[in-house]
Amino acid sequence: MLLKIHFNDDEITRFFEENGFKVVDFTTGHFRSAYHNRSEWVETTVPGVVVNGRTYEASRIFEQVAEQRVKRMVAPANLETKRAIEKAIKNQK
């Protein structure tokens with residue numbers, strides 16, 4: 001299953017700030033293909049979450065948190081889900 005949702009930097013920043021975290025500008029980078037089979041380092045400034053003196057790229061942390069929460073919301077482990085699984089299996093026969 002594929003679910004695509006887009007959050008911009010302002011929404012991600014607001015998410016962390018509303019949950020009590022400090023967000024700062026964070027410089028990160030990646031290698032990009034260049035001419036003649038070469039790569040060049042490209043730096044970008046993105047929101048970063050500060051935790052215990054270390055800064056982490058906010059979008060990556062947000063993606064992991066959102067994925068975990070959506071999975072728990074869509075497929076929780078409880079009695080209602082167990083009954084739905086049993087009903088689906090029964091309908092397969």
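This briefing describes the sheet, a helix that crosses it, and the largest pocket of the structure above. The model is predicted. Its three strands form an open sheet with antiparallel pairing, and the largest pocket holds about 600 Å³ of space.

**The sheet**

- The strands of the open sheet follow the order β1-β2-β3.
- Strands β1 (22-33) and β3 (54-57) stand at the edges and have a single partner strand each, so one side of each is left without a neighbour in the sheet.
- From one strand to the next, the twist averages 40 degrees.
- Strand β2 (residues 39-51) runs antiparallel to β1, and twelve bridges join the two.
- One example of bridge pairing is Asp25, whose partner in β2 is Pro47.

**The helix across the sheet**

- Helix α2 lies across β2 and β3.
- The direction of α2 is at about 70 degrees to that of β3.

**The largest pocket**

- The space in the largest pocket amounts to about 600 Å³.
- The pocket is lined by 19 residues, of which Leu3, Ile5, Ala66, Glu67 and Val70 are the closest to its centre.
- Two elements, α1 (9-18) and α2 (58-74), give two or more residues to this lining.
- Helix α2, which also lies across β2 and β3, gives the most to the lining, with ten residues.
- Sorted by class, the lining consists of twelve nonpolar, two polar and five charged residues.

Key:
Residues numbered from 1 in each chain as written. Predicted model: local features only at pLDDT ≥ 70, side-chain atom pairs only at ≥ 80, totals over all residues. Heavy atoms only, no water. 1 Å grid on protein atoms, 1.4 Å probe; cavity = no way out; pocket = protein on both sides within 12 Å on 5 of 7 lines; lining within 4 Å. Points joined across faces, edges and corners; volume = space filled by probe spheres on them. Helix = DSSP H or I, 4+ residues; strand = E, 2+ residues; numbered from the N terminus. Nonpolar A, V, L, I, M, F, W, Y, C, P; charged D, E, K, R; others polar. Pairing = 2+ DSSP bridges. Axes fitted to C-alpha atoms, helices over the stretch in contact; angles between N-to-C directions. Contact = heavy atoms within 4.5 Å.
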